[in-house]
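Here are a few exercises to work through with the viewer open. Try each task before you read its solution.

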Amino acid sequence: MRGTTLSLCAMLWLPVASPAQEATERFGSGDTSFLLRSTTDIAIIRPVIETFAAARPDLTITYEQWGSNALFGQSRTECRSGIPEADAIFSSAVQQMVWLVNAACAAPYRSAATLALPETRRWRDELWGITTEPAVIAYNKAAFDGEKVPRSRFALLDAIRTDPETFRDKIATYDIAASGLGYLFAFSDSLEATTFGALLESFERVDAVATCCSAEIIEGVAEGRYLVAYNVLGSYIASAERPEVGMILPEDYTLVLSRAYMIPKNARQKSTATALLEFLLTAEAQALLSQVGLVSTMDTAETGLTPSDRRTIALSPALLVALDGNRRRLLLNFWEDTFHPSR
Amino acid sequence: MPRPRDLATRVLVAVLTILLLGGLLVAASTWWNGRQAARQAYDRILIGAANDIAESIRIQDGAPLVVLPVSAFELLAQAPDDRIFYSVTGPDGTRITGLDASLGIDGRARGEAGFFDADLNNEPARFVQVDRRFVERDFSGTVQVTVGQTLRARRAMTTDLMLDALWPMALAGLALMLIAWAVVRRALRPLDAITDDLARRDPYDLTAMPIADLPRELQVMLGAVNRFMARLDGQLEAMRNLISDTAHQLRTPVAAIRVQAEAAVDESSPDLRSRALDRLLLRTRSLGTLLDQLLSRALVVHRTDSAPRVPVDLREIALEVAERDDHALLAPGVALSLEIGEDPVMVRADAFSLGEAARNLLANALRHGEPPIAIGTERRGPEAVLWVRDSGPGPEPSVMARLGERFNRTSGSGENSAGIGLSIVRAVASAFDGRMDMTRDDTGFRIALVFRAEEDHP
C-alpha cells in the first residue's frame, strides 16, 4: 500500500482514537526484520529509507506511519510492559519523545556523529534531533504581488491593524486543540514573546480560521482562500509543490522543529537502529532529507535570518511543561477564547 | 628461612604504605566533600524548582491550578542529562497535576527540609517536597509539590570535584615518593659501603674500619666494633708475645740446667758434684725469677687491657714497694730511701700493674746500679712521676738506647738481666698513656714513669 493517497493531516498530531498505524510499507527483503515507527509521511521520506535499505540488503524494513498521539500511547504501553515492538521511533511530537526518555523508555547511544549534534538537538544521548524544519508564515504570492510581504510578526500585526478588512477570514493557522504540532508551536510561541498574545488578539479581530491539517491550509493559501497562514511547517510547503505559495521565515524569530529519533530500551534490533541513526546523520542522508524538504538550510544569505533568530525547539526536560495537563488546559482556554469567543 | 629484606626496601615499603594510606584517606575525604558539595548545589536547584512550582499555584474556581513555570524546568535542566519528576497533590492526596500518575513516589520518607531519596524509574533519585498552604474563601488546605531528579549530574560533579582535588595530590604523592626514594638511597649509601667493606674483609683482618665521614649513629656502632677489634688484636698480640717470649727466654736457661744436671750426675767426685749442684741450684733459682717476671709481664699486659682504671696514689705504690722485703733479698744491706711528699700524686691506672712496674724498676736499680738507692714520687705540673734513682753512672749509651725493648737479653747481660723488667715498665707506661724517662746527672741515674696526673681525688 502506498501512502501518497494519505492526507498530510495524518502526519500531524491528531487525537486519533485508533491505536493502530495509518500506513505500512516494506523496504528490502532480507532475513532480519526491522520495525521503524514514524509520524512522517512515507511518501516524503521514502527516498531516504530506500537508500538505507539498498545499503543493507540483509534487512526487511517495515515502515509504520502513525499519528503522534497513537504512537505516543503505543510506545508508552510497550515501555511499561518492557517488550517493545518497534526498533526505532521517529516522531515530530518531540515533547512526547522527551516524556518517553524521561520515563526511562530509551536506550543510550554515543558516537562522534551524535556528539557532533548541537546540545539543543540531543538529550541524555537517548534522543536525537534529525531534521531541521522551520515554522513559517505562508502567503499567497499573487495577493501580495507588488506589495510588501510581512517579514516578521510585528509586520504581520501592523498589516492586520492597518487593513483589517483585507485579512478578515483570510488568516489560517493550526487548530491547536486538534493538532499536536500546532500546539507545540503555540506553546513555544507563548514562551518566546508577548507578541503571541497580541497576535492572537489580532487574529480574533479579523476572525482568523483555526483549522486542521497542513494540506488543507496550504491548499487554501494556494487557491487564495487564505492570504496568510501562520506557523505552517516549512517542510510541508516545500513538499506540496505549490508555486503560488510563498514562505517567510519570520525575522524576529523562527521556530525550528527537529524531528526526534529514539531507540526503545530493550529494542531487538538495537544495532540496526543505531546504524540507521548513524545513516540519518550522514551528509548523504541529510542531503536527501534536504531534497524532500525535511532539512532546511535556512541560509542566512537567502533568508536574512541570523542564527540567533532561530529558535530550535530544544530537546530538553523543559518540554515536559508542554505536556502538563493544567498548562495545556490554560493554553487551550486562551485559544478557545480567541477563536470561539461566542462559545 | 626467607632471605631478610634489605633496609632500603623496608623503609620504602613503609613510606609507600604511609603514602597510600594517606592517599586513600584523602581520596575518601575529597569524595565525601565533593558529594556534600554536589548534594548541596543540586538540592538548592531542586528546592528552587519546587518553590517555583509552588509559587505558580493559584486558586481558580475553588480549586488549585498549577501554571507550570518553564523556569522551574530550566532550573532543573542545569543538570542537563538528568530525568525529572514532578507532581502536585491537593489536601486529600488528590492529584492536581504531575508527570506520570503511574509513578508512585512515596513522600512519606521525606527527611530534613523535605528532601528524600527514592528510585525514579529504577534509577536512584533525589526528591524534595514543598508544602504551600492556602487559606482562601473558596479553598483552604495544603498543596504538596514534589520535585525529583536523578543523580547523574551530582555524580559527575562529585567525580569532577574529587578528580580536581586529587590530581595535584596524586602528583604531590608521586613527587614525595620519588623524593623519599632518593633520600632513603642517599641516607643508606654509607651503610652500603660498610656492608661491602665487611663482606670483602678478610676474617683475620682486625684493622679499624674508617669512620670519618659516617653519620653519628654509625660512628658509634663502628667505633665500638673498632675498639673491640683493637682489643682482640691486642690480646692476640700479647698472647703471641707471651708464647714467643717464654719460648725464647726459657730455652737457654733450661738447656743450661739440663747440661749442668747431666754434669752433676756424671760427676764422680763428691766435691765437684756438690759444686755442680750449687750451680744447678743457682740456675734454677734464676729460672724461677725469670718465670716470675715473664708471668708478671703477661699479667701486666693482660691487666692493662682488662682491669678497670681507678685513681691511684703513686705515693702508696712507692711506699708499698719500698716496704716490701724483696730488695733485702736481692741486695742485702743496701740503703734504700723513700722520697715522697705530703700531697697525693694521683693517676688513673691499675694499682697492681703500677706496683709490678715499680718493683721491677727497684729490682733493676738494686741489681745493676750503685747504692744508695732512692724511690720516690713527685708532681711536676700536669704530670705525675714515680721514679727510682741509683748513684751509679747508669748503663752504657748503646745499652740504654735499647732498654725496655722486649728482646735485649744479650749473651753478656747475664741471667738476671734487666731486659724483661724494663719491658714490663715500658708496657705499663704505654698502657696508661705514660712514658719511661731516663736521666743521668751528678747524683746518679734515674728512671721515671711519667703519667698524666689525675686531679686530686678526695
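**Exercise 1. Find which residue stands opposite B:Arg126 in β7(B), then trace the strands around this pair.**

Solution. This is a predicted model, so keep that in mind as you go.
- Step 1: go to B:Arg126 and look across to β7(B), where B:Gln149 stands opposite.
- Step 2: now look for the partner of B:Asp117 in β6(B); that bridge partner is B:Arg126. B:Arg126 thus has B:Asp117 as a bridge partner and B:Gln149 facing it in β7(B).
- Step 3: widen the view to whole strands. β5 (residues 115-120) and β6 (residues 123-135) of chain B are antiparallel and share six bridges. β6(B) also runs antiparallel to β7 (residues 140-150) of chain B, with eleven bridges joining them.
- Step 4: check the turns. Two residues lie between β5(B) and β6(B) in their hairpin, and B:Asn121 in that turn has a positive phi of about 50 degrees. The hairpin from β6(B) to β7(B) goes through four residues.

**Exercise 2. Work out how many residues each chain brings to the contact between chain B and chain A, and what area is buried there.**

Solution.
- Step 1: count by chain. Chain B brings 27 residues and chain A brings 21 residues.
- Step 2: get the area. About 2000 Å² is buried between the two chains, and carbon and sulfur atoms account for 50% of it.
- Step 3: pick out the big contributors on chain B. B:Val70, B:Arg83 and B:Leu99 together supply 28% of the area that chain B buries against chain A, more than any other three residues.
- Step 4: tally the polar side. There are two salt bridges between chain B and chain A, along with 14 residue pairs in polar contact, both residues being at pLDDT 80 or more.
- Step 5: map the chain B side onto its elements. Those giving two or more residues are β2 (63-66), α2 (70-76), β3 (84-89) and β4 (95-98) of chain B.
- Step 6: sort that side by class: it has 14 nonpolar, five polar and eight charged residues.
- Step 7: zoom in on a salt bridge. A:Arg124 forms one with B:Glu123, and their closest N and O atoms are 3.7 Å apart. That pair qualifies because the cut-off is 4 Å.

**Exercise 3. Decide whether B:Thr30 is buried or exposed, then do the job again for B:Thr246.**

Solution.
- Step 1: place B:Thr30, which is in helix α1 (residues 7-55) of chain B.
- Step 2: apply the cut-off. B:Thr30 has a relative accessible area of 11%, so it is buried, the limit being under 20%.
- Step 3: list its contacts. Skipping neighbours within four places in sequence, B:Thr30 is in contact with B:Met162, B:Ala165, B:Leu166 and B:Met169.
- Step 4: move to B:Thr246, in helix α4 (residues 216-266) of chain B. B:Thr246 counts as partly exposed because its relative accessibility is 22%.
- Step 5: list its contacts too. With residues up to four places away left out, B:Thr246 touches B:Asn241, B:Arg251 and B:Leu294.
- Step 6: follow one of those contacts along the chain. B:Leu294 is 48 residues from B:Thr246 in sequence, yet their C-alpha atoms are separated by 6.8 Å.

**Exercise 4. Say how many helices and strands chain B has, and what share of its residues is buried.**

Solution.
- Step 1: count the elements: ten helices and 14 strands.
- Step 2: chain B has 458 residues, and 37% of them count as buried.
- Step 3: take the contacts in chain B between residues at least 6 apart in sequence; 66% of these join residues at least 24 apart.

Conventions. Residues are numbered from 1 along each chain as its sequence is written. Chains are lettered from A and ligands numbered from 1 in the order in which they are written. This is a predicted model: local features need pLDDT of at least 70, side-chain atom pairs count only at pLDDT 80 or more; totals for chains, interfaces and linings use all residues. Side-chain values use heavy atoms; hydrogens and water are left out. Contact means heavy atoms within 4.5 Å. Buried area is the accessible area (1.4 Å probe) that two parts lose on being put together, summed over both. A salt bridge is a side-chain nitrogen of Lys or Arg within 4 Å of a carboxyl oxygen of Asp or Glu. A polar contact is a pair of N or O atoms within 3.5 Å; within protein, one must be able to donate a hydrogen and the other to accept it, and residues adjacent in sequence count only if both atoms are side-chain atoms. Ala, Val, Leu, Ile, Met, Phe, Trp, Tyr, Cys and Pro count as nonpolar, Asp, Glu, Lys and Arg as charged, and the others, Gly among them, as polar. Two strands pair if DSSP finds at least two bridges between them. Buried means under 20% relative accessible area, exposed over 50%, partly exposed in between (1.4 Å probe, protein chains only).
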